[in-house]
Amino acid sequence: MPQVPQTLDASAVRAWCGLALEALGRAREEIDAINVYPVADGDTGTNLYLTVESAAAAVEAVFAAHAAMSVVGGPSEGQVPGGPASDGSASERVASGGPLIEPPTLADAVRAMAHGALIGARGNSGTILAQLLRGMAQVLAADTATERTDGPGLGLALRHAADAARQAVAHPVEGTVLTVATAAADAASGVEGDCAAVARAAYEGARAALAATPGQLAVLERAGVVDAGGRGLVAVLEALVETFTGAAPAMGAVPVLAPHARVEAEAAECADGGPGSAPVRDESGPAFEVIYLLEADDTAVARLRDRLDTLGDSLVVVGGDGLWNVHVHVDDAGAAVEAGVEAGRPYRIRITHFGPADAHTTGSTVRPVRERAQRAVVAVVPGEGLARLYAEAGATTVLARPGEPPASGELVDAVRRAHALEVVLLPNDAELRHTAAAAAEQARAEGVRVALIPTRSAVQGIAALAVHEPERRFDEDVVAMTSAAGATRYAEVEVAERQSWTMAGICQAGDVLGLIDGDVAVIGSDVTATAESVLNRMLSAGGEMVTLVLGDEAPTTIADHLEARVRESYLAVDTVVYRGGHQGALLLIGVE
């Protein structure tokens, strides 16, 4: 049997993250299937997995960084690892003749774990889990000189974690992951023993609380399932037990999944006019899930909480020290993002539309198992305004910040969130074609039919989305969307960052550039004049519709000027204007 740690140190944190990721990977589909609260969107298991994946990656990065620094600054000449200057501990042993590798401290590891979970948190349960890990880190990293903690220290960390998570939720509900976390902390607090004993007690307390969740939340009882977020936390605590014992405890008789017979029985009762009420969707629930990271101070975040609480529900704001993760369900996604802009700097904004197959459940309504939608559109967009526009049209969006293109994993995550049998993927950037192709292949391997339309600009994506009709055959829909995108010429106006040679000549830093179909066509000194020149060149080849997407830094009068120019010179051409937000380019132009 492999040697296991008796105390919680950096290596134990690393092992726990890896084991938790494995446990959630095994349970992901099961947890997705029992996800009925607060929205029956079938993604809790996936969200928890992605959250822990980000935490584990952050911990691995810390270990890799320490190893790299140790190699660069290895032992001084003549020093032998394990010699007089070394205590010969297991953490210092390396291959014969190699450099001395100092491992991260406990504080390094738990801070990385918490930060990774914070920036990678997905969904309601993932955001709460991130706060649980942050709460633990606040206790375990309080003394930076401490290399490890014992059983009582672990119990104290679990207590603080449960309290911090509950405080992060605007309106805590019993029968959820919060209840399970509190039960785990309560069980661990009364244990005198090592970390293994505390972890086992926390796991058993959580498992018992999980089994009781249907009796606390009517939506769970009607569906015949336990809380999905709580089930995920039990998997994470199961991994904690395995970290200190070398063996994962059995789940026992917890009824993790039993919805189908109950649903069939209730449906039969309803059909017969019996006393039961069939599972139904709450049509009055919010239409969008909005998640973003936010750089802001505590005072601004307090105001943001109050503002978002008036806009929707399922509000969870976690983090601190200037960086926060915000999660809320709202009808007005734009207002939720704008509230973040008022509070600080929001980024990595994700807006998901709850389609007809999603149920926003309350205590008296339930949709036990989320069925896949037939078709969905997933699009990469460069600004908050465009994200709102696409989401309102029913698309699942991935926000691309200037200079930070999304990875293929983020696109795959968006395809999973769309939860459809068929997906149309719009990368909206020529540089993302390989990334989008890799994501499409991964999604196809998971059983999703994916069509990749090689849109090179967000305005081409708008044209494609305008002709999207989910009711027609998939191939016909893809052909129509591809045709609309291909018939749209695209341009953008931006400011040169440095001197460079272009197709239009040499530009200097600060020059205004007009790019048509990806190539610099105009170099100017005035934004409006350059934009007008670009628009004239595009319309000289004909066009029926002009789309203008304004960035935050575009001149306030540019839209009115260009609209007037189109009306005066191109009588049969219509113009539509959108606000793109912080999109990188000053202006995006599309001509159909």
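The accessible surface of the chain, computed on a predicted model, amounts to about 24,700 Å², and carbon and sulfur atoms account for 52% of this area. Of the 592 residues that make up the chain, 54% count as buried. The secondary structure comprises both kinds of element, with 19 helices and 18 strands assigned along the chain. When contacts between residues at least 6 apart in sequence are considered, 73% of them join residues that are at least 24 apart.

A search of the whole structure for enclosed space finds 3 cavities of 30 Å³ or more, and the largest cavity holds about 120 Å³. This largest cavity is lined by 14 residues, of which Leu 132, Met 136, Leu 158, Leu 233 and Leu 237 are the closest to its centre. The elements that contribute two or more residues to the lining of the largest cavity are helix 4 (123–140), helix 5 (151–168), helix 6 (177–189) and helix 9 (228–245). Among these elements, helix 4 gives the most to the lining, with 4 residues.

With regard to aromatic side chains, a pair of aromatic rings is described by the distance of the centres and the angle of the planes. For the chain examined here, the count of aromatic pairs comes to 0 when ring centres are required to lie within 6.5 Å. A contact of another kind does involve an aromatic ring, in that Arg 14 lies over the face of Phe 63, at 4.3 Å from the ring centre.

Technical notes. Residues numbered from 1 in each chain as written. Predicted model: local features only at pLDDT ≥ 70, side-chain atom pairs only at ≥ 80, totals over all residues. Heavy atoms only, no water. Buried < 20%, exposed > 50% of the residue type's maximum accessible area, 1.4 Å probe, protein only. Contact = heavy atoms within 4.5 Å. Areas by Shrake-Rupley, 256 points an atom, 1.4 Å probe, with all protein chains shown as cover. Phe/Tyr/Trp six-rings, centres within 6.5 Å; stacked < 30°, edge-to-face > 60°. Lys NZ or Arg CZ within 6 Å of the ring centre and 35° of its normal. 1 Å grid on protein atoms, 1.4 Å probe; cavity = no way out; pocket = protein on both sides within 12 Å on 5 of 7 lines; lining within 4 Å. Points joined across faces, edges and corners; volume = space filled by probe spheres on them.
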